[in-house]
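User: I have a structure open and would like to go through it with you step by step. Could you start with what the records say and then move on to the details?

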Amino acid sequence: MSDSPVPTPSRALLRFMKRYPWRVGAGLAMAIAGTLLGYVFPGLTQWFLDDIIPNRKVSAIMGVSLLGLAAFGLRQVFYSIRTLANNAFELRMTYDLRSELHHKIQHLPLKWFDRQSTGDILTRMADDVPATQRIIIDSVDQGVPAVLQIVLTASVMFWLHPKLALITLLPVPFIIMGGWIYAKWVSPRATQAREAASGLNSILHDNVAGIRQIKSYTLEDETQQDFDKSSSHFRAQQTKLQKAWAVYGPGMGFFGDTGLILLMGFGSYWCIQEELSIGQLAQFLLFIGMLYEPMGRLHGINQTVQTGLASAKRIFEVLQTEGAEELEQGETLTNVRGEIRFEKVSFRYDENRPTLNNVSILIEPQQTVAIVGATGAGKSTLFQLLTRFYDPESGDIFLDGESITRFSKSSLRDSLGYVTQESYLFNQTIRENLKLGNPNATDEELWHALSQACASDFVQRMEGGLDAMVGERGGRLSGGEKQRISIARAFLKNAPILLLDEATSAVDNKSEKLIQQAIDQLRHNRTCLVIAHRLSTIINAHQIYVMKQGEVVAHGTHTQLLAENGYYAELAKLSFQEEKVKG
Ligand SMILES: Nc1ncnc2c1ncn2[C@@H]1O[C@H](COP(=O)(O)OP(=O)(O)OP(=O)(O)O)[C@@H](O)[C@H]1O
């Protein structure tokens, strides 16, 4: 995804955590204090068994018991503060991660999206962010106190009875080794499982987005089979991880139990030999719980962290991707006259397939220039370059005599009104969709734009008018209605240059006339570059450029090009024949 080496996810996460030193510090301080207070009870137990009971110190019972109660109470207060501090920190960090990921995705260039599936992007956002959050929750909230408890307990045990402590801790090296082997084994497989989840979500996304096509081609069974195949691949990856956990968890638990048996055996022996008191043995039995219980927690954390790191890797891969668009870099474009010049522009999407070759086109201010050519000739690509969604491989594009690379992308795009073939509407109200063209437009201006786009009648008829929801991708509107809403949006944007990619999809004659009427209005007083699929719409264009396989093969007016009797005449014949059949 990125050419530069990606820092390890754990390091990247640490960098994120450093943003909240106070919250992390407070959580840790409370965890340490709470853990330390946990040692009061074993101490009191020994006191009771070895001093208070044998020496019949009845008067001490109340005081020592109250001491224990106070220690427990205070520990719970510390835990409560720890939970509050950690939760606030985790939620903020997750918010930051999600927000930065979204920001990054919004600013990545289109060529990144060419290689990425929507399902994968959604998986990173919806699944990988929460899985990464679990690393933080588990390692900060659970892991650090657990390690601390293990270290402190082991130290106290060594201080009290080094020989017994050594015996009790014999299984620990095996537990550490087991954890290391588990982490090594799980890490790559957790990554594969995340990839499998992403593949599954990509299929799901495609199947939902393409549901109309699936139904019309009755492909339900085939898509179900594809989905089940991907789902079973995902299940297989998950099963591997769960099997490993099923061996690792109990295996490590067994090592912990071994420590307990060793303590019982050796402790009893030393009690009989009178090297150890019963109270000390009881105290050790409590300590061993305090030693192996956090180890059990660490096994669980190891599992969550390994799978979470696979998710974190996928998030940081995106965050580290180079080439995000700098929208404000460059001069601000103002007072656009609207002269556009493509000069010897060559471009390719893929290494081995040229898309545009040495293309030169001149569009005078406020003129309409049409681009015609067979499908795949490279017409839309010209727009992709003019908007700087992509940059040419060689040659340059000039706006009012200056290379467009001099201007900030945001001001360049502000000066371009782009009406695409597929009018994409967001799943919002008509008003919100229109306001993308001009966020400050009043209702009056919205209605005026709708009327200019010949769309006010049908919007008035809709329940809710401007507040009517258009559905996903504008699914509640007809193709012609969507087109007119997007033309109204272009009216509201009021950009000096209009890029018009004529719709190829058939709409009824009445709609087509209304759309054409709206477009004619929109072209007025603007530089207009139009990709024409029906040549009847561009007969009056000031210039027509004819493209074939990425090259301009002719240009001139409609009459001049017809007179040449070349490729254009061929295209015109076909187009007019089609329109005659349709019309
Ligand atoms: N994002 C992309 N990645 C890779 N190849 C692409 C991409 N977009 C377009 N192409 C390829 O570039 C070539 C030119 O595409 P372009 O969309 O510019 O053609 P067009 O003349 O506008 O076609 P149409 O009239 O069908 O819209 C085609 O072969 C197409 O497959």
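User: Which residues does UniProt list for "domain: ABC transmembrane type-1"?

Analyst: The unreviewed UniProt entry lists residues 26-307 under that name; UniProt positions follow the numbering used here, feature names are shortened, and annotations may be inferred rather than shown by experiment. Please keep in mind that this is a predicted model, in which local features need pLDDT of at least 70 and side-chain atom pairs count only at pLDDT 80 or more, while totals for chains, interfaces and linings use all residues. Residues are numbered from 1 along each chain as its sequence is written, and side-chain values use heavy atoms, with hydrogens and water left out.

User: How much of residues 26-307 is helix, and how much is strand?

Analyst: That span is 91% helix and 0% strand, and its end C-alpha atoms lie 27 Å apart. Helices (H or I, at least four residues) and strands (E, at least two) are DSSP runs, numbered from the N terminus.

User: And what is listed as "transmembrane region"?

Analyst: The same kind of record, again an unreviewed entry, gives residues 20-40, 60-78, 143-160, 166-183 and 245-270. Residues 20-40 are 86% helix and 0% strand, with 32 Å between the end C-alpha atoms, whereas residues 143-160 are 100% helix and 0% strand, with 26 Å between their ends, again taken at the C-alpha atoms.

User: OK, how is the protein divided into domains?

Analyst: The assignment, whose bounds come from an automatic or database source, gives domain 1 (9-319), domain 2 (329-415 + 497-505 + 525-583) and domain 3 (422-494). The centres of domain 1 and domain 3, taken over C-alpha atoms, are separated by 51 Å.

User: Switching to the ligand, which residues come nearest?

Analyst: There are 15 residues around the ligand, counting a residue as near if one of its heavy atoms lies within 4 Å, and Thr 375, Gly 376, Lys 379, Ser 380 and Thr 381 come nearest. Helix α12 (residues 379-386) gives the most to this shell, with three residues.

User: What polar contacts are there with oxygen atoms of the ligand?

Analyst: A polar contact is a pair of N or O atoms within 3.5 Å. Among them, a backbone N or O atom of Gly 376 lies 2.8 Å from an oxygen atom of the ligand, and a polar side-chain atom of Thr 381 lies 2.5 Å from an oxygen atom of the ligand. The protein covers 69% of the 630 Å² of accessible area that the ligand has on its own, where areas come from the Shrake-Rupley method with a 1.4 Å probe.

User: Where does Arg 388 lie, and is it buried or exposed?

Analyst: Arg 388 lies in the loop between α12 and β4 (394-399), and it counts as buried because its relative accessible area is 10%, where buried means under 20%, exposed over 50% and partly exposed in between (1.4 Å probe, protein chains only). Its phi is near 60 degrees, a positive value in a residue other than glycine.

User: How about Arg 56, buried or exposed?

Analyst: Arg 56 is exposed, because its relative accessible area is 72%. Arg 56 lies in the loop between α3 (40-52) and α4 (58-107), and its phi is near 55 degrees, also a positive value in a residue other than glycine.

Key: Polar contact = N/O pair within 3.5 Å; in protein donor to acceptor, adjacent residues only side chain to side chain.
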